[in-house]
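The following exercises are to be worked with the sequence and the coordinates at hand. Each task is followed by a solution in steps.

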Amino acid sequence: MSSSVSESSATAARQPVSGAWRIVAAREMSVKLHDRNFLVSTVVTLVIIVASILFSGWISGRATTIDVAVTGQDAATVLQTGQKIADSQDANVKLNTHDSPDLAGLEQQVRDGKVDVGLIPVDGGWRLIGKSNENTDATKYITAAAQQISVERNAKAAGTSVQQLQSGSSVTYDLLDPDGADAGTAKVVGFVFAFLFYLSSIVFGMVIAQSVVEEKQNRIVEILASAIPLRQLLVGKVLGSTAMALGQLVLFVAAGLIGMAATGRGSQIGQVAGAAGWFVVFFVVGFLALAALWAVAGSLSTRSEDLQSTATPLSVMIMAVLFIGIFVSGVGQVVASYVPLVSIVAMPSRVVAGTASWWEPLLSLAIMAATAYGVVVIAEKIYRRSLMQTQGRLSFRQALRVED
């Protein structure tokens with residue numbers, strides 16, 4: 001009887017130990033979900049993402065009004081033709097005509113800022129008058145209108161037609177990858193990926209490091225070490241923080257896609273959503289390694305002040321990924337898309353730009369996963385060996401020399 005009770009007690013004791021990482025992970029998530037600063041910052045970031053997308057959509061969809069002072073009926077005709085050309089090109093440009101009695105009055109309107117430009121006839125063509133900067137839209141559409149009217153008049157005088165004069169001048173434009181996103185969209189999405197990576201890595205990484213060093217500084221880790229293996233403590237912290245980072249990242253990505261749909265960019269959502277999916281997968285795999293390294297940064301410290309030194313290499317590495325993700329292009333981006341951690345940003349950016357073959361993300365992800373596994377194994381060893389050392393701050397090399 002007593003033997004059965006003893007065996008049952010031993011089994012009950014082993015079960016919590018073997019599943020202790022789940023308790024640690026649940027606690028990490030619970031603490032974060034009850035952290036008011038975390039919740040407020042998440043909501044604020046969501047609002048900023050949606051607001052920025054809506055604002056950019058509003059700016060791009062807003063008509064540009066150009067007030068033009070003119071003298072004479074011919075100038076008004078040029079503006080009418082320029083408006084037709086702008087409308088035919090789906091340009092959000094509105095040319096408003098303001099009559100002026102003479103050149104002096106026209107120039108005065110421009111100086112006073114009542115109009116953006118002035119248009120007057122001169123020998124052999126037309127003259128645009130601005131105040132201090134050239135209005136490129138006015139130049140574009142008014143010049144095109146003046147040329148069109150001139151060609152029509154010259155064709156009529158020569159006894160031919162504009163169509164005959166333009167015969168053989170048509171140009172067609174075929175896209176080899178019509179489903180790919182344009183370069184501007186790809187650049188913006190790449191910047192967003194880089195920013196989200198940096199934000200999540202720094203915020204959640206510092207939380208992990210701070211948690212570890214506080215447990216070490218307050219000697220709580222000694223109590224935890226007597227109850228559960230340190231390996232399970234690390235696993236719980238890494239998985240709990242990764243789950244929270246993933247949840248927050250999915251919210252941000254979803255907000256961005258909803259914002260794109262609301263601003264009439266539905267045709268690009270498919271391409272961007274596919275790249276965003278790859279970004280989330282790459283981030284999760286890479287953050288597992290980063291989370292383990294942040295835990296190591298905390299374990300090497302004996303007090304909170306030491307984190308500035310032990311976490312500096314990680315901060316520099318994350319900053320490097322941010323800048324490479326934003327500025328690298330061409331061959332450099334192709335190479336970066338296979339470099340672990342950097343590929344978190346570079347490969348999804350290539351996917352949204354349409355420059356990556358279907359197999360490239362899979363190969364890059366495999367390289368990332370293998371690297372992440374190796375980093376976690378080494379980090380776990382350093383974490384176990386340095387966590388119980390309270391004599392002073394350790395370096396990575398010193399921690400590796402400590403015996404288990």
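The model is predicted.

**Exercise 1. The aromatic cluster**

Task: Determine whether F283 is buried or exposed, and establish which aromatic residues form one cluster with F283.

Solution.

Step 1. The relative accessibility of F283 is 1%, so F283 counts as buried, the cut-off being under 20%.

Step 2. The cluster that contains F283 is made up of F193, F197, F279, F283 and F287.

Step 3. By the pairing rule, the count comes to 7 aromatic pairs. For F193 and F279, the ring centres lie 4.6 Å apart and the planes meet at 15°; planes under 30 degrees apart count as stacked, so this pair is stacked.

Step 4. This stacked pair links distant parts of the chain, with F193 in helix α8 (residues 183-217) and F279 in helix α11 (residues 266-299), 86 residues apart. F193 has a relative accessible area of 4% and is therefore buried. F279 is likewise counted as buried, at 0% relative accessibility.

Step 5. F279 also forms an aromatic pair with F283, with 6.3 Å from centre to centre and 40° between the planes, a tilted arrangement. Both residues belong to helix α11 and are 4 residues apart, about one turn of the helix. An α-helix has 3.6 residues a turn, so residues three or four places apart point the same way.

**Exercise 2. The two sides of a helix**

Task: Compare the span of helix α13 with the expected value, and determine which residues of α13 are buried and which exposed residues lie on the face turned away from them.

Solution.

Step 1. Helix α13 comprises 16 residues, 312-327. From its first C-alpha to its last, α13 reaches 22 Å, close to the 22 Å expected at 1.5 Å a residue.

Step 2. The buried residues of α13 are L314, I318, V321, L322, G325 and I326. Because they cover an arc of only 125° around the axis, they lie on the same side of α13.

Step 3. V316 and F327 are exposed and are carried by the face of α13 turned away from its buried side.

**Exercise 3. The largest pocket**

Task: State the volume of the largest pocket, and identify which helix supplies the largest share of its lining.

Solution.

Step 1. The volume of the largest pocket is about 550 Å³. The pocket is lined by 25 residues, of which I49, I53, V188, V192 and G256 are the closest to its centre.

Step 2. At least two lining residues come from each of α3 (36-61), α8, α10 (230-262) and α11.

Step 3. Helix α8 provides the largest share of this lining, 10 residues.

Step 4. Helix α3 also contains L54. With a relative accessible area of 40%, L54 is partly exposed. The C-alpha atoms of L54 and A261 are 9.9 Å apart in space, although 207 residues separate the two in sequence.

**Exercise 4. The cavity and a charge over a ring**

Task: Find how many cavities of 30 Å³ or more the whole structure holds, and list which residues line the largest cavity.

Solution.

Step 1. Rolling a probe the size of a water molecule over the atoms shows where empty space is left. The search of the whole structure finds 1 cavity of 30 Å³ or more. The volume of the largest cavity is about 40 Å³.

Step 2. The lining of the largest cavity consists of E28, K32, F204, V207, G240, S241 and M244. The elements giving two or more residues to this lining are α2 (20-33), α8 and α10. The largest share, 3 residues, comes from α10.

Step 3. Two lining residues, K32 and F204, also share a contact: the charged end of K32 sits over the ring of F204, 5.6 Å from its centre.

**Exercise 5. Two loop residues**

Task: Locate L341 and N133, and decide for each whether it is buried or exposed.

Solution.

Step 1. L341 lies in the loop between α14 (331-336) and α15 (343-353). Its relative accessible area is 14%, so L341 is buried. Phi of L341 is near 75°, a positive value in a residue other than glycine.

Step 2. N133 is placed in the loop between β4 (125-130) and α6 (136-157). N133 has a relative accessible area of 65% and is therefore exposed.

Step 3. N133 and D116 are 17 residues apart along the chain, and 9.6 Å separates their C-alpha atoms.

Conventions:
Residues are numbered from 1 along each chain as its sequence is written. This is a predicted model: local features need pLDDT of at least 70, side-chain atom pairs count only at pLDDT 80 or more; totals for chains, interfaces and linings use all residues. Side-chain values use heavy atoms; hydrogens and water are left out. The expected span of a helix is 1.5 Å times one less than its number of residues. Buried means under 20% relative accessible area, exposed over 50%, partly exposed in between (1.4 Å probe, protein chains only). The arc is that of the directions from the helix axis to the C-beta atoms. Rings of Phe, Tyr and Trp (its six-membered ring) pair if their centres lie within 6.5 Å; planes under 30 degrees apart count as stacked, over 60 as edge-to-face and the rest as tilted. A charge sits over a ring if NZ of Lys or CZ of Arg is within 6 Å of the ring centre and within 35 degrees of the ring normal. On a 1 Å grid over the protein atoms alone, a cavity is a set of points where a 1.4 Å probe fits but cannot get out, and a pocket is an open set with protein on both sides within 12 Å along at least five of seven lines; lining residues have an atom within 4 Å of a point. Grid points are joined across faces, edges and corners, and a volume is the space filled by probe spheres set on the points.
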